[in-house]
Amino acid sequence: MTPLLECRGISKRFTKRLDLAAKLARGLGAAVAEETVVAVDRVDLAVHEREVVGLVGESGCGKSTLGRIAVGVLPPDQGQVLYRGRRRDTLKGEAAVAAALAVQMIFQNPFASLNPRLRVRDIVGEAPVYHGIVARRDAGSYVAELLRRVGLDPAYADRYPHQFSGGQRQRIGIARALAVKPELIVCDEAVAALDVSIQAQVLNVFIRLREELGLAYLFISHDLGVVEHISDRVAVMYLGRIVEMAPTEELFAAPNHPYTRALIAEAPRLDRRGQSYAPIVGEIPSPLDPPRGCHFHPRCRHAMDRCRQEAPALRQIARGRVSACHLNDQP
Amino acid sequence: MSAEPTLFVDGLEVQFPTRAGIVRAVDGVSLAVRPGEVLGLVGESGSGKTMIGLSVIRLIDPPGRIAAGHILFRGEDLTRLPEPRMRALRGVRIAMMFQDPMMTLNPVLRLDTQIVEALTAHVPRMAAAEARRRAVAALARVGIPSPEERLRAYPHQLSGGMRQRVAIAIALLHRPELLIADEPTTALDVTIQAQILSEVQGLCREYGTALIWITHDLSVVAGLADSVVVLYAGQVVESGPLGDILDRAMHPYTRGLIDSVPSRNRRGVPLRQIAGMAPSPLDLPSGCRFRERCGRADAACLAMPELAEAAPGHAVRCFHPVRDAAPA
Amino acid sequence: MSLAAAPVDRRAETPWRRLLAEFAGSRLAVLGLALFVIILSLALLAPLVAPQDPYDLAKLDLLDSRLPPGSHAADGMLYALGTDDQGRDLFSAILYGLRTSLWVGAGSAVVALAIGAAVGMVAAYAGGRLDAFLMRIVDIQLSFPAILVALILLALLGRGVGKILLALVTVQWAYYARTVRGTALVERQREYVEAARCLALPTHRIVFRHLLPNCLPPLIVVVTVQVAHAIALEATLSFLGIGLPVTQPSLGLLVANGYQYMLSGDYWISFFPGFALLLLIVSINLAGDRLRDVLNPRLRR
């Protein structure tokens, strides 16, 4: 079955170019070099219709960058993004717009993701009117319907973002995304900035919308509990690479990759009392200078020589499960 | 555990005059922490939890003020202390850690300057070499690699997790008797959080530091705390030992919080949630402040319930506490 | 400290209304604003309020020159603030002078704002070499003292209102460009701009509908300061004799004219126009200072 959205071989690099002063300094012998961060390194990821794929990892692992490439606001350096099997960068005209609108994003920061100078009805209503999804005269009732769908009183349409709480602003952001009738929503740490009880409310909005509208999600988060609850499949990222991917229950019941194991072991859980924290020894390496071979080897208890030389490839270890670890090659 | 609490807060009230009226951010809160004990102070935005921490260390900016109550630190009332004496306590015997490490770190000074300054401010006769040695030791203690080199860095050259660790190192420099941690790991990754939690746990065990961990995340409290105080709209709604609160919570709000944690719910199904939002501090309902969101509220709840002990050591502020055991 | 659970207001509170409410928190600022409004009204209504039209040469009587405040004309008109060396009623002259000063100051500020904002937004959104090129021009412009640039320009162009405006615009636009660019660079990274791009809105719409309105607050502060600065600059140029022509006196020119009589005791010819200028600039600065405090994002929340 053709996935709704597929990322094939995506790589993205950020280079801090040297300006004139730095070039001069280098010419004079100073140890100045161009700094390159490989944010995303040859990633393959697919999301099918009505599927929720969770993407977990820590800061600097590249999950936000991957999310933005999936939505289309950031172009990849290598690889392609395919929408319903067709390369998105080769689409033109109406097809290109349709592909762009089909994938929307909800952002982490509820305070910066809404234009403070626009009223809610303009924030939500601008895009559908511009793209002709709804006629201008019907925009009012269209926006009201959307607000109701996300659990907000339609009377709020006249107000400005600063008059709302964080949770309410996230709902407005969801309404804005829904207004263009998307098929896939990328949630970039969408509930991370919210209090626990508000988090539950907003997650429930996501779950309900999925049932009502048949949406698919790419749910990016560093919170394992949330990801476990909402996802069908989970991908784990570390320093730009996907190290493991599996259906949710299997991943959490029997994690394969040492990094996944450590993450799950260290996440605080409500039923773990008097936990004696024994953290992963060693630093998270800087993305500017990732370790050779397997990125995780400096912190891995089971690291072998091979791990220092050769980056492990994602190999299938069971039906629907892949993992990138040399340990899996051993009989 | 030794009898006398390190900190005893009694009937604390903190108020802010605003354009729209007086906000009672903290409205009659009492709590106590003993040496070596960890108290989890749980509450969401607007519950007043941060204000309590700031009151203890007396960093509330005007026009906010402590309107009533006592804060007894080893028997001494901090609300009555003149500022010079408070300054002598701050950073030495009472320390605070914030969610944003840049509230501790000065962005324009190198780390060694800042740490040495924190040392010599309270021990003026310390020699430069000794101060430096202790700074290196402090960084090493929080697990920062190559501390001698790192000392020469500026805060912006470190990652978020490292900065928070430096902030902790500074908080721990003088081995404080009381440490107040205000959501220091909320913005951090799981692995960094684990490192910081292990540091702080070690400290409590080794030096008998009393720790107040302020958070809205019950899961962190579960692993760390000995006792829990739950705040809602400026009041304590429940308090007691950790096991009692997590397994036998009686206040509907606490139950709601625990039930809404994803791991307590069946996968894929909507989470159990608390309806509505916390009331605005300017528009508090009469009587029980939770009644508009509570499924058990009735006419009795129009009066303000008192905080009363419902089981040994376990107090709750509710007319209709939940008595059945929480589902696993 | 911030109060996290912000109340949801009963009705829509526009960002401007909120701004006004916070602005009104300082009595001094409100006083400044009130003073400015009074001065502005007097200037706008000058033809109605002034007892005499100081540009009408037929009405002037040289015999009435340099009369002290409180004297009367032959036909009984009161010279409230005295007369100048040409027999002009000083009060009327000040009112008309205010008009000129305000019109030149505000006019040049608005034009400079338009040019500077355009340059700044283009630089911020385009980035790269264009940004660097434009900002180097701005830097060069800003490294010259304003008065020097104005002097040179006017020496080359001659006198006249249009030329003064040109000189003032040339001197001011760079501040706006730099301010707008700084703000636009920050706002461009914000999530709401990303959201607009996700929604496949065209670039021009994003720049004008989303980016520009959010770059305005710091500009407002710069405008208030710059208007005062422009007025003072024009007064200086007129005082030095290269500003506006004698037939359209501004406050600066009035001060200049009366300067020679200061020592002989006819202080009012310079003093009152100077005082009026002072009141105008102080009122703008008081209001502008408060605006800057209110709009400073770090002091809020």
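## Domains of chain A

Domain bounds here come from an automatic or database domain assignment. With that in hand, let's look at chain A of this predicted model. Chain A splits into domain 1, covering 5–234, and domain 2, which is made up of 239–267 + 283–331. Measuring from C-alpha centres, domain 1 of chain A and domain 2 of chain A are 27 Å apart.

Where the two domains of chain A meet, domain 1 brings 20 residues into contact with 16 residues of domain 2. On the domain 1 side, at least two residues each come from strand S2 (35–47), helix H8 (224–230) and strand S9 (233–238) of chain A. S2(A) gives the most to this side, with eight residues. Sorted by class, the side of domain 1 of chain A that touches domain 2 of chain A holds nine nonpolar, five polar and six charged residues.

## Domains of chain B

Now for chain B, where the assignment gives domain 1 as 1–93 + 178–279 + 307–328 and domain 2 as 98–173. The C-alpha centres of domain 1 of chain B and domain 2 of chain B are separated by 28 Å.

The contact between these domains draws 15 residues from domain 1 of chain B and 13 residues from domain 2 of chain B. If you would like to find the domain 1 side in the structure, look for strand S7 (178–182) and helix H7 (190–207) of chain B, the elements that give two or more residues to it. H7(B) gives the most here, with five residues. By class, the side of domain 1 of chain B that touches domain 2 of chain B has eight nonpolar, three polar and four charged residues.

## Where the chains meet

The last stop is the contact between the two chains, to which chain A gives 32 residues and chain B gives 36 residues. On the chain A side, the elements that give two or more residues are helix H7 (196–213), H8 and helix H10 (258–266) of chain A. H7(A) supplies the largest share of this side, eight residues.

What classes of residue make up the side of chain A that touches chain B? The side has 14 nonpolar, nine polar and nine charged residues. Helix H8 of chain A is worth a second look: H8 gives two or more residues to the side of chain A that touches chain B, and helix H8 (224–230) also supplies at least two residues of the side of domain 1 of chain A that touches domain 2 of chain A.

Key
Residues are numbered from 1 along each chain as its sequence is written. Chains are lettered from A and ligands numbered from 1 in the order in which they are written. This is a predicted model: local features need pLDDT of at least 70, side-chain atom pairs count only at pLDDT 80 or more; totals for chains, interfaces and linings use all residues. Two residues are in contact if their C-beta atoms, placed from the backbone, lie within 7 Å. Helices (H or I, at least four residues) and strands (E, at least two) are DSSP runs, numbered from the N terminus. Ala, Val, Leu, Ile, Met, Phe, Trp, Tyr, Cys and Pro count as nonpolar, Asp, Glu, Lys and Arg as charged, and the others, Gly among them, as polar.
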